[in-house]
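Could we go through this structure together, one feature at a time, with the general idea before each case?

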Amino acid sequence: MYITVLHAAILDPAACDTVARAIPGEFEPRAGHIRLHHPRPATPEALAYLRDTLPLDVNPLPAEFNPEATGLLVSDMDSTLINIECIDEIADFAGAKPAIAAITEAAMRGEIEFAESLTRRVAALKGVEESALQRVYEERLRPNPGAEALIEGLHERAIKVALVSGGFTFFTERLKSRLGLDFTLANQLEIASGRLTGKVVGGIVDARVKAQFLLERCEILGLEPAQAIAMGDGANDLEMMRVAGLGVAYRAKPRVQAEVPVVLNHSGLDAVLHLLDCETR
C-alpha cells in the first residue's frame with residue numbers, strides 16, 4: 001500500500017472527488033492532514049494535476065523513507081527557514097539591492113555557479129557599515145511560517161536540526177540561539193574598521209559543502225544519510241537533497257521542485273511533521 005499526504009485538515013466534497021479520480025484510494029484523517037492509502041503508486045501526471053488544481057500541498061511518501069528512523073533535518077536558511085535573502089537586504093544599504101537580487105535569483109535557479117555568484121555579490125558590499133547586519137536581522141529577518149513549530153516538533157521526536165547556508169554566520173549564529181538549533185554552518189564576512197571589506201573569510205559554503213556538511217553530521221550522530229531530511233529552495237541545495245533520505249522543496253525554484261519528491265508551496269514549514277507521523281494505521 002502506498003501513501004500520499006494531503007496537507008490539509010479537511011477537504012470539501014469537490015476536493016475529495018478530485019483526489020479520488022486522480023489517485024483512487026482510502027482517506028484517513030490525521031492531526032492537521034489527511035493520508036490517502038492507495039494500492040498503486042501515484043503517477044507523476046496525477047500528482048502534477050492535483051498540485052495544479054487544489055489549493056494545498058500533495059506529496060507522496062516515498063516507499064523507502066522510514067519516518068521512525070529519521071534523526072536529522074538539515075535546512076537551508078535564506079528563503080527557506082527565514083523570509084529573506086540576507087545578502088539582498090544588506091545590499092540595500094549599499095544602494096545595490098536590485099542588481100544583487102538579480103544575481104541571487106540566477107544563482108538559485110542554477111544559472112550561475114554559486115561560488116562565483118557569491119564572490120561577485122559580496123564584493124558589491126564593500127564599505128557597508130557592520131551595523132547594517134544588525135539592522136537586517138532586527139528589522140527584516142523573520143522565521144518563515146511554521147519554523148518554530150517545526151523545530152519544536154522535531155526536537156520532541158529527538159530529531160536534530162541543522163542550518164547550513166550560503167549566507168553568513170552573523171545570521172546563522174543568532175538563529176541558532178534564538179530557535180534552539182543543534183548545528184550551523186555558513187560563510188563568514190570579513191570586517192575591518194567597522195565596515196565590510198567585500199570578502200569572505202575562508203572557503204565558500206556551496207552545494208558540495210552543504211552535502212558534505214549533511215554527511216558529516218550524520219556520521220557524528222551515528223546515522224545513515226537515508227535517516228536525514230534536507231530542505232531548501234535553490235539549485236545549490238540539490239546536492240544535499242540527493243544524498244539525504246528525503247528532500248523537501250519549500251517555495252522552491254522550478255528546477256528544484258522538478259527533482260524533489262516533497263514540495264511545499266502552500267503549507268508552512270511545520271507541514272514536514274506530517275511526513276513524520278509514525279502512528280500505525
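The dialogue below takes up strands, crossovers, backbone angles and enclosed spaces in turn.

Q: What should I know about the model and its numbering before I begin?
A: This is a predicted model, in which local features need pLDDT of at least 70 and side-chain atom pairs count only at pLDDT 80 or more, while totals for chains, interfaces and linings use all residues. Residues are numbered from 1 along each chain as its sequence is written, and side-chain values use heavy atoms, with hydrogens and water left out.

Q: How do I read a sheet, and what is the strand order in the open sheet of 4 strands?
A: Strands of a sheet pair through backbone hydrogen bonds, either parallel or antiparallel. Helices (H or I, at least four residues) and strands (E, at least two) are DSSP runs, numbered from the N terminus, and two strands pair if DSSP finds at least two bridges between them. Here the open sheet of 4 strands runs in the order β2-β3-β1-β4, with antiparallel pairing. Because β2 (26-30) and β4 (58-60) each have a single partner strand, they stand at the edges, and one side of each is left without a neighbour in the sheet. From one strand to the next the twist averages 25 degrees, where axes are lines fitted to C-alpha atoms, for helices over the stretch in contact, and angles run from 0 to 180 degrees between N-to-C directions.

Q: Over how many bridges do β2 and β3 pair?
A: β2 and strand β3 (residues 33-38) are joined in the antiparallel sense over 5 bridges, and one pair to look for is Glu26 with its bridge partner His37 in β3.

Q: Is strand β10 enclosed or open?
A: In a regular strand the side chains alternate between the two faces of the sheet. Buried means under 20% relative accessible area, exposed over 50% and partly exposed in between, with a 1.4 Å probe and protein chains only. In strand β10 (residues 246-250), 5 of the 5 residues are buried, so the strand is largely enclosed by the rest of the structure. Leu246, Val248 and Tyr250 point one way from β10, whereas Gly247 and Ala249 point the other way.

Q: Which strands pair with β10, and in what sense?
A: Strand β9 (residues 228-232) pairs with β10 in the parallel sense over 4 bridges, with Ala230 bridged to Gly247. Between these two strands the chain passes through helix α11 (residues 238-243), and this β-α-β crossover is right-handed; the term applies if, with the strands pointing away from the viewer, the path from the first strand over the helix to the second runs clockwise. Strand β11 (residues 262-264) also runs parallel to β10, joined by 3 bridges, and Val248 stands opposite Val262. The chain reaches β11 from β10 through helix α12 (residues 254-259), again in a right-handed crossover.

Q: What is the phi of Arg251, and where does this residue lie?
A: Arg251 has a positive phi of about 45 degrees although it is not a glycine, and its place is in the loop between β10 and α12. At 33% relative accessibility, Arg251 counts as partly exposed.

Q: How are β6, β7 and β8 joined?
A: Strand β6 (residues 160-168) runs parallel to strand β7 (residues 183-192), with 4 bridges between them, and together with helix α9 (residues 169-179) they make a right-handed β-α-β unit. β7 is then joined to strand β8 (residues 195-201) by 4 bridges in the antiparallel sense. β7 and β8 form a hairpin with 2 residues between them, and Ser193 in the turn has a positive phi of about 55 degrees.

Q: How is a cavity told from a pocket, and what lines the largest cavity?
A: On a 1 Å grid over the protein atoms alone, a cavity is a set of points where a 1.4 Å probe fits but cannot get out, while a pocket is an open set with protein on both sides within 12 Å along at least five of seven lines; lining residues have an atom within 4 Å of a point. The largest cavity is lined by 16 residues, of which Asp78, Glu85, Phe114, Gly166 and Gly167 lie nearest its centre. The largest share of this lining, 4 residues, comes from β6.

Q: Which residues of the largest pocket lie nearest its centre?
A: Among its 17 lining residues, Leu47, Pro60, Leu61, Pro62 and Pro261 lie nearest the centre of the largest pocket. α2 gives the largest share of the lining, 4 residues.
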